[in-house]
Amino acid sequence: MRLLSDPRLEIRNLSRHFDASKAVDGVCLSLRPGQVTCLLGPSGCGKSTTLRIVAGVERQDSGEIHVDGELVSDGISSLPPEQRNIGMMFQDFALFPHLSVLKNIAFGLTGSKLQRRTRAHELLERVDLTGYGEKMPHELSGGEQQMLATARALCLKPKVLLLDEPTEGLQPSMISLIRNAVVALKQQNVAIILVEQRVEAVLEIADRVVFVENGRNALETTPTALQTDKDLLHRYIGV
């Protein structure tokens, strides 16, 4: 029987090259259930690529990914995204343009039609989109599309959740909804990796901060330490 102290997600020496460029270069991370780890670093340092590899939408060149001790990908064999029990909110949202808001959320759900519909409505309420179920994605504002993408990432009750800049461009009220959703998932022992540039969001949500530089882990610290060491922020993200 696995314990809460056992890693929920383990990333071991993950690497991905594009031609001669190393987008990800030996990244190692270990997350316990209910732990939020934030990846901080400049654009192009490999944060989003790491998330895409973990989610299974991109293949690594080497390294391993384990969920609850089970290997899901080692660069040779790889479980498809829908079998990894990993949810992801992409930076470009990746919504289905031909499906309604409700059907976008219900797409990956299992159970009877009534069960799927009920669960989808619950998620719409959680992200403050009640009454938007029959709208199409193009009828939503950018912030509303972002909340829809978040709801879709939550729909399968994943063991691991990957959020790629979930608060970018959002109004304070919507940022609060994101924060509340993350807190609720922490309490359900979901391990969360968050890519975020808003320092305020990092301080509110994260348990641990990993600075990424040139595709590799450069430094690990805590949100508390960031409040007292502004040089770290200036060095790694220019703030």
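This report walks through a predicted model of a single chain, from its overall build to a few residues worth a closer look.

**Overall build**

Let us start with the whole chain. It is made up of 8 helices and 10 strands. Its C-alpha atoms fill a box of roughly 45 × 40 × 40 Å along the principal axes. The radius of gyration is 18 Å, which agrees with the value near 18 Å that a compact globule of 239 residues would have.

Half of the chain is tucked away: buried residues account for 50% of the 239 residues. The exposed surface comes to about 11600 Å², and carbon and sulfur atoms supply 49% of it. Contacts reach across the sequence as well. Of those between residues at least 6 apart in sequence, 66% join residues at least 24 apart.

**Charges and salt bridges**

On the charged side chains, the count is 27 positive and 29 negative, with the centres of the two sets 5 Å apart. The structure holds 13 salt bridges. Three of them are set out here, each with its N to O distance.

| Salt bridge | Distance, N to O |
|---|---|
| Arg8 and Asp68 | 3.0 Å |
| Arg16 and Asp61 | 3.6 Å |
| Arg52 and Glu58 | 3.6 Å |

What does the salt bridge between Arg8 and Asp68 tie together? Arg8 lies in the segment before strand E1 (9-18), while Asp68 sits in the loop between strand E4 (62-67) and strand E5 (70-73), so the pair joins parts that are 60 residues apart in sequence. Both Arg8 and Asp68 are buried.

The salt bridge of Asp61 with Arg16 also links distant parts of the chain, with Asp61 in the loop between helix H1 (47-55) and E4, and Arg16 in strand E1, 45 residues away. Are these two partners buried or partly exposed? Asp61 counts as partly exposed because its relative accessibility is 43%. Arg16, at 18%, counts as buried, since the cut-off for burial is under 20% relative accessible area.

The salt bridge between Glu58 and Arg52 likewise has one buried and one partly exposed partner: Glu58 is buried, with a relative accessible area of 18%, whereas Arg52 is partly exposed at 30%. A network of salt bridges links Arg16, Arg52, Glu58 and Asp61.

**Helix H1 and its end**

Arg52 falls within the range of helix H1 (47-55), so H1 deserves a look of its own. How much of H1 is buried? The count is 7 of its 9 residues, so the helix is largely enclosed by the rest of the structure. The buried residues of H1 are Lys47, Thr49, Thr50, Leu51, Ile53, Val54 and Ala55. Gly56 follows H1 and has a positive phi, near 95°.

**Two asparagines with positive phi**

Positive phi values also turn up in residues other than glycine. Asn85 is one of them, with phi near 60°. Asn85 is found in the loop between E5 and strand E6 (86-89), and its relative accessibility of 31% makes it partly exposed.

Asn189 is not a glycine either, yet its phi is positive, about 70°. Asn189 sits in the loop between helix H5 (172-187) and strand E8 (191-195). With a relative accessible area of 28%, Asn189 is partly exposed.

**Glu196, an acidic residue under cover**

Where is Glu196 placed? Its position is in the loop between E8 and helix H6 (199-205). At 2% relative accessibility, Glu196 counts as buried. Setting aside neighbours within four places in sequence, Glu196 is in contact with Cys38, Leu39, Leu40, Glu165, Pro166, Thr167, Ala201 and Val202.

**Ser62 in strand E4**

We close with Ser62, which belongs to strand E4 and is partly exposed at 32% relative accessibility. Which residues does Ser62 contact, leaving aside its neighbours within four places in sequence? They are Asn13, Leu14 and Ser15. For a sense of span, the C-alpha atoms of Ser62 and Leu148 are 33 Å apart in space, and the two residues are 86 apart in sequence.

Conventions. Residues numbered from 1 in each chain as written. Predicted model: local features only at pLDDT ≥ 70, side-chain atom pairs only at ≥ 80, totals over all residues. Heavy atoms only, no water. Helix = DSSP H or I, 4+ residues; strand = E, 2+ residues; numbered from the N terminus. Rg over C-alpha atoms; globule rule 2.2 N^0.38 Å. Buried < 20%, exposed > 50% of the residue type's maximum accessible area, 1.4 Å probe, protein only. Contact = heavy atoms within 4.5 Å. Areas by Shrake-Rupley, 256 points an atom, 1.4 Å probe, with all protein chains shown as cover. Lys, Arg positive; Asp, Glu negative; His and termini not counted. Charge placed at Lys NZ, Arg CZ, Asp CG, Glu CD. Salt bridge = Lys/Arg side-chain N within 4 Å of Asp/Glu carboxyl O.
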